[in-house]
Amino acid sequence: MASSLSSKPFLGASRTDGLSGLCSISSDLRNLSSPSVQFLIRPRTVRKLQVRAAGNTYGNFFRVTTFGESHGGGVGCVIDGCPPRMPLSEADLQGDLDRRRPGQSRITTPRKETDTCQILSGVHEGVTTGTPILVLVPNTDQRGRDYDEMSIAYRPSHADRTYDLKYGVRSVQGGGRSSARETIGRVAAGAVAKKILKAFSGTEVLAYVSQVHKVVLPEESVNHYTLALDQVESNIVRCPDAEYAEKMIAAIDAVRVKGESIGGVVTCIVRNCPPGLGSPVFDKLEAEFAKAVLSLPATKGFEFGSGFAGTFLTGSEHNDEFYLDEQGKIRTKTNRSGGTQGGISNGEIINMRIAFKPTATISKKQNTVTRDKHEIELIARGRHDPCVVPRAVPMVEATIALALVDQLMAHYAQCHMFPINTELQEPLRVTEVEAAEEAALHS
């Protein structure tokens, strides 16, 4: 018997491990064979062992892969699983990309990028084709020399050291893949997801800044039933309350002139979310949200519904009691659960809060260590946000939209292929009239 082995050693294993016994048996069988008795032994095909690189793709049904580095030729995404025949153009994406882009105001990074997107595939004559959609945003304002020192010294609380530990090599300029510029691909894909959600089920995803450093917006200050995008966009910090917005801007200005940075919190809500999204046990809806938003740069915390504050309540205080509304639908009087129960959406407004740490890069002198293990002092250069939360708002919206549309597709495929049980289930679509009536009821 003749056979060959083309697989490479895996984790130090020998090329012939596990095959010596087979060769010995084959030899014995050949010795036993005679002109009247023949044994046909086919060579075994040994499959190559492969290790796939992970961490750049999100989603199962609506799959998004982002690519590019901060100071490379460009960044973007590939969207796979987008429904066909949906009208789509660069203008549908550009609005959210403009909200995310740098250089918007004095409280953001001074890097100047237009972040103009190009759709290179997956759209024909203005509609999606169902094939992968490639979105590219060229980088135009790179300053690689700002990062010369970082090629030998690790910036405190940055990903420099851990990237070296994992890969043994890294893109130094701008932090490479760990840069917030990677989120351009997510925001572009998120804009597509938002359009699908709005068109299919009337679902809206809105986020806003609810805390900057020690300036905390009271929860009762914002009506989640009537909150509109123009309220969020009415000021440079993206807080829908004008009084607290001024306080937040002042807090950012105070640290910006000192070369310091501060963190904050972004609140995100989902209105008109179809009931039934999310699956037990490991794919609960809030678990999917947590994975999505905690993959954003600088995130350090996630709260859903009552969050940690719920631990101060008793069961009777925390439970959301049911009632029948004017249309005979089952609703909850309160919403401490945050719009889900058992990890499955219940039709109420979904609400969550995401904590962002102070920007790691500051212009103050700090102690660090070089790649060749020498202790030094470092003043980081480059252009960075004194507080990331104003620009994080569209990033949070995008990641939540990506999680939602993926869960919507999963739910539709499993639970809505056949007629629903109208005594217990509700349609996935919410009409504009129903949405308007809900908002008017809580205005």
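This report describes the nonpolar core and some of the salt bridges of the structure above.

The model is predicted, so local features need pLDDT of at least 70 and side-chain atom pairs count only at pLDDT 80 or more, while totals for chains, interfaces and linings use all residues. Residues are numbered from 1 along each chain as its sequence is written, and side-chain values use heavy atoms, with hydrogens and water left out.

The largest nonpolar core (buried Ala, Val, Leu, Ile, Met, Phe, Trp, Tyr and Cys residues joined through side-chain atoms within 4.5 Å) has 83 residues, and Phe 62 and Val 212 are among those with the most contacts inside it. Its largest share, 14 residues, comes from helix H9 (residues 389-415). Here buried means under 20% relative accessible area and exposed over 50%, with partly exposed in between (1.4 Å probe, protein chains only), and helices (H or I, at least four residues) and strands (E, at least two) are DSSP runs numbered from the N terminus.

A search of the whole structure finds 27 salt bridges, each being a side-chain nitrogen of Lys or Arg within 4 Å of a carboxyl oxygen of Asp or Glu. Three of them are listed here.

| Nitrogen side | Oxygen side | N to O distance |
|---|---|---|
| Lys 194 | Asp 96 | 3.0 Å |
| Arg 186 | Glu 182 | 3.0 Å |
| Lys 365 | Glu 377 | 3.6 Å |

Lys 365 lies in the loop between strand E16 (350-356) and strand E17 (366-369) and Glu 377 in strand E18 (residues 375-378), so this pair ties together parts that are twelve residues apart in sequence. Both Lys 365 and Glu 377 are exposed, whereas Lys 194 and Asp 96 are buried.
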